[in-house]
Each structure stands twice: as C-alpha cells, then as structure tokens.
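Student: I have a structure open on my screen and would like a close look at one part of it. Could you walk me through that part step by step?

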Amino acid sequence: MIDNGRALLNTQPPTVTSPLPGCSTVLPGSLRETMARFATGITVLTTGGEYVHGMTANAFSSVSLEPPLVLCCVARTATMHEAITVTRSFALSVLGAEQEHLARYFADRSRPRGAAQFHGVDWRPGPFTGAPLLSDSLAWLECKLAERYDGGDHSIFLGEVLASDWADDRQALLFYGGGFHRGVCGTTEGTGSHVGPTAGERER
C-alpha cells in the first residue's frame, strides 16, 4: 500500500474467502452440469478390424499441426477403450446437423455390438485403419495411436493423424446443455484431402 508517497509493508495475512454460494466439493454430477455449459461438436469414434466398434464422442480435440496430433478421451469401462488399445488406431467422423440420428444411435447402449451395429448405416472403410467413416459427415480423420495417458476414470488417447478430409459447407451438430443443437455453417468451400487435425465421449 502507499501512504503519503511511502510504500508500507502490508503485514496482514491474506483474507481467506468463502466458496461462492452453491459451491462446495466438486462432485461428478456437479462437474457434468458445469461442463454441459461448454458447447462442443459431435463425432462418432470408430475402430476397425476384428474390434470394429462405434461410439458417439465429444471429448475430442486437436493438439498439434506439426506433427499432426489429435486426442480423444474414453472411459476405461467403455468397449471403445479396449478396441483402441488393441487395434492401436481409430477414426472419427465429425457429424453435421442432419446426422443427429447417428449421434443418438451410437450413444444407445441397446444397439447391436460388433459389425452388426453398422448395418443400415452408410459408411466406407478408412484406407489406413479400416475403421468405418460415416457418409455425409462434415469431416473425417484416421489416426494411429501415438500415446495413451491416464486421465482418472478415462484414458486420453493421443492419435497421429494419418489422413483427413472434409465435405462441403453445411451446418454442424453441436452438444450443449445436455441436448443437440444446430451450429453455424463453416467457411470452407468444396472438398479436399489434407493431413492435419480438425476439432469427444458420451456413450460407453
């Protein structure tokens, strides 16, 4: 503090403030509600081969352009966790606003398992991973597993992007406040194929 031009040492201990009203120990339900206020895109995370599987995911992010890296977070109890660990690869389809039915389907625990869950779904195998890439999505990525890190009740899978592609300008599908919403259109015109990350997890 300053007193008549002289600096005085404040010897008073710092004031310990009380938690904000309504705040206490962070519980899983509380954190879930907090994070629900953060809008994200929606992807379907897939693996191929003998461990073919799909899962709606929004715990996903780009990490680096050089080298091209992305990450996804998957619960340790999820079928997808074992699938990525064994195949050491994964793919992602970024969903558009017209694909809400796919987001709900791949989040439905009552759907078939294995290859049967893709019956009636329009997809093509990724050329690098063999993992299903869903048709009419906004973007697609194929990755090989670079690292796996502990993240509490989840694992953080770091993927090196082998290839990526995107579609024409359409509305994105967003997840916010526990529900699906239509996002704004992007600015990219036409289609192209580039190596590099774009922008994960709701179902087990």
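Student: Which strands do the buried residues of H2 pack against?

Tutor: Happy to help. Please keep in mind that this is a predicted model. Let's set the scene before turning to the helix. The chain has 204 residues, and 41% of them are buried. Its secondary structure amounts to three helices and 15 strands. The accessible surface is about 11,800 Å², with 55% of that area belonging to carbon and sulfur atoms.

Now to H2 itself, which covers 79-87. Its buried residues are Met80, His81, Ala83 and Ile84. Looking down the axis of H2, you find these buried residues within an arc of 165 degrees, so they line one face of the helix. The general rule behind such a pattern is that an α-helix has 3.6 residues a turn, so residues three or four places apart point the same way.

Here is the reply to your question: the buried residues of H2 pack against E4 (43-47), E5 (53-57), E7, E8, E11 and E12 (154-166).

One of these partners, E7, is worth following a little further. Strand E7 spans residues 69-75 and runs antiparallel to E6, residues 60-64, with four bridges joining the two. Within this pair, Ser64 stands opposite Leu69 of E7. The connection from E6 to E7 is a hairpin through four residues. In the loop between these two strands you will find Pro67, and the peptide bond leading from Glu66 to Pro67 is cis, with omega near 0 degrees.

Next, look at the other end of the helix. H2 is followed by Arg88, which has a positive phi, near 55 degrees, and Arg88 is a residue other than glycine. Arg88 sits in the loop between H2 and E8 (89-94), and E8 is itself among the strands that the buried residues of H2 pack against. Is Arg88 buried, partly exposed or exposed? Its relative accessibility is 46%, so Arg88 counts as partly exposed, given that the exposed class begins over 50%.

A further partner, E11, covers 139-151, and the loop between E10 (132-134) and E11 holds Asp136. Asp136 also has a positive phi without being glycine, here near 65 degrees. With 58% relative accessibility, Asp136 counts as exposed.

To pull the picture together: H2 has its buried residues along one face, those residues pack against strands including E7, E8 and E11, and Arg88 follows the helix in the loop to E8.

Terms used. Residues numbered from 1 in each chain as written. Predicted model: local features only at pLDDT ≥ 70, side-chain atom pairs only at ≥ 80, totals over all residues. Heavy atoms only, no water. Buried < 20%, exposed > 50% of the residue type's maximum accessible area, 1.4 Å probe, protein only. Areas by Shrake-Rupley, 256 points an atom, 1.4 Å probe, with all protein chains shown as cover. Pairing = 2+ DSSP bridges. Arc of directions from axis to C-beta. Contact = heavy atoms within 4.5 Å.
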